[in-house]
Amino acid sequence: MSQWFIEVAVPVPLRQTFTYLSGSMLEKGCRVSVPFGKRTLVGIVISSHSTYHGNVNKLKSLHDVLDASPILPPILLTLCDWLTHYYHHPIGEVFHTALPVLLRKGEPLPKDTHLLVEAVTPNDEAPTELLARAPKQLACWQFISQHTEPLATVNKQFSSVVVNALIEKGVARTIEKPVMSAGWRTNLHLADKPTANREQAAAIAAINHISGFSTLLLEGVTGSGKTEVYLQALEQVLLAGKQVLILVPEIGLTPQTVRRFITRFGIDVAVLHSQVTNTERLVIWQRAKENKIGIIIGTRSAIFTPFENLGMIILDEEHDDSFKQTDGLRYHARDLAVIRAKNEGIPLVLGSGSPSLESLNNALNKRYQHVLLTARAGAAVMPTQHLLDAREQPLQYGLAAGTIAIIKSHLEANNQVLVFINRKGYAPALICHRCGHSAECHRCEQPFTVYQKPPRLQCQRCEKTKPVPLRCAACGSSELIPSGAGTEQIEAGLAHLFPQYSQVRIDSDSVRGKDKLANILKKVDRQEYQLLVGTQILAKGHHFPHVTLVVVLGCDGALYSADFRAPEKLAQLVTQLAGRAGRASKPGEMWLQTHSPEHPLLQDLICNGYQAFSRYLLQERRQTGLPPYSVQCVLRAEAVNAELSYNFLMQSRHYLDTLNTLQMVGPIPAMVEKKQGRYRFMLILSANKRSVLHHALRNALPSITQSALSSKVRWSIDVDPMDFN
Ligand SMILES: Nc1ncnc2c1ncn2[C@@H]1O[C@H](COP(=O)(O)OP(=O)(O)OP(=O)(O)O)[C@@H](O)[C@H]1O
Ligand SMILES: [Zn+2]
């Protein structure tokens, strides 16, 4: 019997494959179960060899081969290889991330079958007598004797009690059959659509003109009808029988968006987001792979869906943070989409009203095609933007008198008002009025947020909760005052100021649970609420036709942040928030309440708008040599013992420095210095060229991973970091 040496990617945090023995050659991409220490793990075959240059006696045999043919198509295998190299991530974990949870666990692919109910006719006679006393059962039997129907269809008319009774009496049985689907292409039909305006038509033509791979940045102001452009550009792709993948931000995936695609094309649209169960996810995964689904709309990880015949990728709100994974394999779905589209030889469309500086730079450099939509679609006009100087104005619940007056005028005109604040809870801190001590989470060294609904203190980093204390832990005084304002406080304040208007709070606390956000948005649409108070969630792509005023609170902190991306993120947030106002027939306005009305960044953004502001920020990045004019990587380490994580990074710095090609900052405390009892440090690496950064990392990683300290701390590599937390 021949012996094969199989290289397997095993889901462990080690940057290598492991060799196992097998009696036969195995193809790359098949799953195998292997012994690993005392455990059995599911790994992916990377390669098979007939020879081995090591001690064969030390090798173990595979337990099992789980797939007869590769579970991942070649395109995804290539993508995983790219991820492993680009993000310097352990190969087994890369494959693990790319696979649906159930496949990671070694489950087989589900059979695409359904149960049918078939009538049985004993002695060739209808069982009329047998069922004479059970008219429902008789009716059911007659129904199934005419056609063999799926159980689900039968159950629409007859309860399972009735069906089971027939089965027990031996006059019906269930049979499992493959689902015969006519395929989405037969159902495809185009519904009525608005006539594209001149700019939209140019964008659609530009997209449809692409043959093979190209990335196109659609920079369209909020409400300019980007979704309409996607819809019309997709017609040609779908009519050619090709599938499409649409990637959207985490919370932007609303039923309204999905419905627009369903009604336009008349076909099922599969949706992939965090609330989809593992079983549903696997079914969609397989159906896409077999070209049984035409359109998939999903968040970040949907980029790993296999398609038999993918024709286009669209990534909407491409500036959104949620496309970047912030733990484990820290990939950016936008960058992955570029690589995937290139490998598939298909167009990629990136859309945003406030594009990231990375994409903008690529567009201005002509690496991407660039199409602008400068005006709103239909009759809507762009909202006006203003600063509200809160200095020396009386404040009530964090709202300046001027802000309250503007809110009042819009409410009285019967319009909806959206109030944004970047904090959840009632107040971001509880402070002792006598000694100034603030109640703090010890594990995170971070002030507790005060909540009223229900009353508690809660840490935003580790979610630990505590009852609200009656006395100061430091001096015993009972004079404890909430400091600053969050959504709950603004909600309470507005309820007090405007009791006659109905209000809803929209933040991650209030929309927790399936369909909760969707239901609130439906009510907003029906104008059951006139005041909307909330966090970032409100900024994401929603179409609020009745909102005419957007009020922005609590943004001053971002003006003084140490993160060089803070101005860009603030500008995107403000632009997207303003973009929720005046989207239909009535014009809208945005007021940003600030104590720094003269700050040049704010002035520039409000007076000149995102388009000019973003070009100015790019100039600044060029002058300072920051991304996208350089590349970065962050090495993070955390440990209960601060010294360990500091020393690990110090030592890593030394290994990385041997080539003397990188600029390095650190080790310095991460912006989130402590979390759940662990001290966190970072080392920021930058280089002018990507190849230099990668070379230095590849050169140093063996020493870093083999160091004794590396097993004593939790550490990670973040290529193209989007934050310094
Ligand atoms: N050519 C058109 N004629 C009339 N109405 C249109 C046209 N294109 C889009 N609309 C309408 O304009 C509104 C905004 O369009 P859409 O939601 O596509 O904008 P968007 O650019 O995706 O918005 P945002 O980036 O702010 O989320 C929608 O109600 C849409 O139906
Ligand atoms: Zn905490």
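**View 1. An open sheet of three strands.** In this predicted model, three strands form an open sheet in the order E24-E25-E26, with antiparallel pairing. Strand E24 (449-452) and strand E26 (465-466) are the edge strands, each pairing on one side only. Strands (E, at least two residues) and helices (H or I, at least four) are DSSP runs, numbered from the N terminus; two strands pair if DSSP finds at least two bridges between them. Strands of a sheet pair through backbone hydrogen bonds, either parallel or antiparallel.

**View 2. The pairing of E24 with E25.** Four bridges join E24 to strand E25 (residues 455-458) in the antiparallel sense. Thr 449 stands opposite Gln 458 in E25.

Residues are numbered from 1 along each chain as its sequence is written, while chains are lettered from A and ligands numbered from 1 in the order in which they are written. Because the model is predicted, local features need pLDDT of at least 70 and side-chain atom pairs count only at pLDDT 80 or more, whereas totals for chains, interfaces and linings use all residues.

**View 3. The surroundings of ligand 1.** Among the 19 residues around ligand 1, those that come nearest are Thr 222, Gly 225, Thr 227, Ala 377 and Gly 378; a residue is near a molecule if its C-beta atom, placed from the backbone, lies within 6 Å of it. Helix H9 (residues 226-239) gives the most to this shell, with three residues. Domain 3 (187-373) and domain 4 (384-426 + 485-622) each supply at least three residues to the shell; these bounds come from an automatic or database domain assignment.
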